Amino acid sequence: MAKNYSKYFVKPSIKDARKRKEKETEVINFDDYFNIKGFGKNKTYKIETFGCQANEADTEKIEGILRALDFTESEKLEDADLILLNTCAVRENAENRVFGELGRLKQFKRNNPDLILGICGCMPQEEKVVNRILEKIPHVDLVFGTHNIYKLPEYLETVILSKERVIEVYSQEGSVVENLPRIRENSRKAWVNIMYGCDEFCTYCIVPYTRGKERSRLPEHILSEVQTLINEGYKEITLLGQNVNSYGNDFTDLDYRFKNLLDDLHQMAIERVRFTTSHPKDFDEETVKILAKGGNLMPYIHLPVQSGNNDVLKRMNRKYTKESYIQLVNWIYKYVPNASLTTDIIVGFPGETEDQFQDTLELVKTCKFEGAYTFIYSKREGTPAAKYEDEITYEEKKDRLNRLMDIVNDGYLVGTKRFEGKVVKVLVDGLSKSKDTVLAGYTENNKLVNFAGPEELIGTIVKVLVTESKTWSMFGEIVE
Ligand code: SAH
Ligand code: SF4
Ligand code: F3S
């Protein structure tokens, strides 16, 4: 166990994380940086990922670095020489799961004192988390955040070779790191980061503090990554950003925005292009018109609304109204008539009245969502809403969540039923979870379909006639 502290000791500060520097985004090339190799030989690792797609994409990069250092993946968690928890801070229950896991791993450490235990991702960006680790969780050897993944080789060198504890979390960072090695989870579907960070500061949300200021990747870097993926046989990409519709707004001398990127990708030989997440305030009619070109631009949009009441939206700092949101939804259905829309909704935001909640239910029906992630508001220390008065009881919040989910589930079913009797294109992912003779994959509208077929079809796009639709999935027969 690393007992002494190394030269790496930097704690985060939520106050600093709120600040936004004006300086130009620095692009760091990992190849210029990476000069220590080899010390992972004969050592194994395991990474546990707790967060969103951005977090999963980071895990792929961390894995890429570990493999470049000659580490290999351990089959079992208990046999690993290095365990990293890549964490999420967005809601309290996400954090509790990580603290629970850290407690469980204490035993592993007792059994194997040489085990290196590290925590990274969004939780270490919070000062209260780092303080808790310093005070109460001595069996954690390595703590780093979302801004310094590229420094992992030197951190590991210190923890493993010098047996010293590393705690280094930057609160503010403006860089974009290119050329990180990457072990992709899937060989047909790939995440492509188009930007990092978030400048929206929705009053409930911790992400702008844990991920730093919004920084867009240069178009040439994104397009060449996509070309490489095409050459490697990838079929689908999902563009990642906390607010993809504001892509490029931080460029100082480049007039290139999200719609231009979509238009360029539309011309490329990648079969499917998806993106997440869209912020309604920056999604304009022009962008919807580009999506209407169809082809590889998939007719599925995740468009988080959060609430259907203007007063609540204002207090959430979402910067759009119910009316402008509905306008956007109408454009989408007008230009992309076949589109499937899903959303995110928070219930029980501080001060949300029953009437205001009713506005949300109403909006869900109006927008014909075919799915939604629904959350009970979770107080995040350091965010503005944490100071708002919150008088809604937990029972009431739970009740609102249940009532909302009933309506959301109706939407899921309408969304699958409309494909019954129709032929859909499915990218075959693999064998179905429940039956190993059944294939499963997703349609262009992002619906799960199960159907009988040979394993060789995995990774290809096939046509399937939908014979039966249920709330969460559809069943069908291959027609081609
Ligand atoms: N950038 C994306 C998603 C970020 S987090 C967006 O703006 O849509 C994913 C979802 O978690 C959010 O859409 C929101 O619905 C939910 N969320 C974020 N902070 C939360 C909090 N404090 N309590 C409950 N849900 C929250
Ligand atoms: Fe959080 Fe809002 Fe940024 Fe999404 S847009 S990550 S909800 S602050
Ligand atoms: Fe969680 Fe961080 Fe993503 S807080 S939702 S892992 S950006």
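**View 1. Strands S18 and S21 meet in a closed barrel.** Five bridges tie strand S18 (residues 423-431) to strand S21 (residues 461-469), and the two run antiparallel. Strands here are DSSP runs of E with at least two residues, numbered from the N terminus, and helices are runs of H or I with at least four residues. Two strands count as paired if DSSP finds at least two bridges between them. Which residue of S21 stands opposite lysine 425? That would be lysine 463. The barrel has five strands in the order S18-S19-S20-S22-S21, with mixed pairing. From one strand to the next, the twist averages 50 degrees. Angles run from 0 to 180 degrees between N-to-C directions, with axes fitted as lines to C-alpha atoms (for helices, over the stretch in contact).

A quick note for all the views: this is a predicted model, where local features need pLDDT of at least 70 and side-chain atom pairs count only at pLDDT 80 or more, while totals for chains, interfaces and linings use all residues. Residues are numbered from 1 along each chain as its sequence is written, chains are lettered from A and ligands numbered from 1 in the order in which they are written, and side-chain values use heavy atoms, leaving out hydrogens and water.

**View 2. An open sheet of three strands, with a helix across two of them.** The order is S15-S16-S17, and the pairing is parallel. Strand S15 (300-302) and strand S17 (372-376) sit at the edges with a single partner strand each, so one side of each has no neighbour in the sheet. The twist averages 10 degrees from one strand to the next. Strand S16 (residues 340-347) is joined to S17 by five bridges, and aspartate 344 has tyrosine 373 in S17 as its bridge partner. Helix H14 (residues 394-417) lies across S16 and S17, at about 175 degrees to S17.

**View 3. Ligand 1 and its shell of 15 residues.** The closest are Arg91, Gln242, Gln306, Asp344 and Ser378; a residue is near a molecule if one of its heavy atoms lies within 4 Å of it. S16 and S17 from the previous view each supply at least two residues of this shell. Look for aspartate 344 again: a polar atom of its side chain is 2.6 Å from an oxygen atom of the ligand. Glutamine 306 also brings a polar side-chain atom to an oxygen atom of ligand 1, at 2.7 Å. Tyrosine 204 uses a backbone N or O atom instead, 3.0 Å from a nitrogen atom of ligand 1. On its own, ligand 1 has 530 Å² of accessible area, and the protein covers 90% of that (Shrake-Rupley method, 1.4 Å probe).

**View 4. The surroundings of ligand 2.** Around this ligand you'll find Cys198, Cys202 and Cys205, among others. Tyr204 and Gln242 are included here too. By class, the shell has seven nonpolar, two polar and two charged residues.

**View 5. The surroundings of ligand 3.** Cys52, Cys88 and Cys122 are among the residues around this one, and so is Gln242. The shell splits into five nonpolar, three polar and one charged residues.

**View 6. Arginine 184 in its loop.** The loop runs between strand S9 (175-178) and strand S10 (189-193). From there, the side chain of arginine 184 reaches the backbone oxygen of tryptophan 191 at 2.8 Å. Its contacts (heavy atoms within 4.5 Å), leaving aside neighbours within four places in sequence, include Glu60, Glu225 and Tyr234.

How values were computed. Nonpolar A, V, L, I, M, F, W, Y, C, P; charged D, E, K, R; others polar. Polar contact = N/O pair within 3.5 Å; in protein donor to acceptor, adjacent residues only side chain to side chain.
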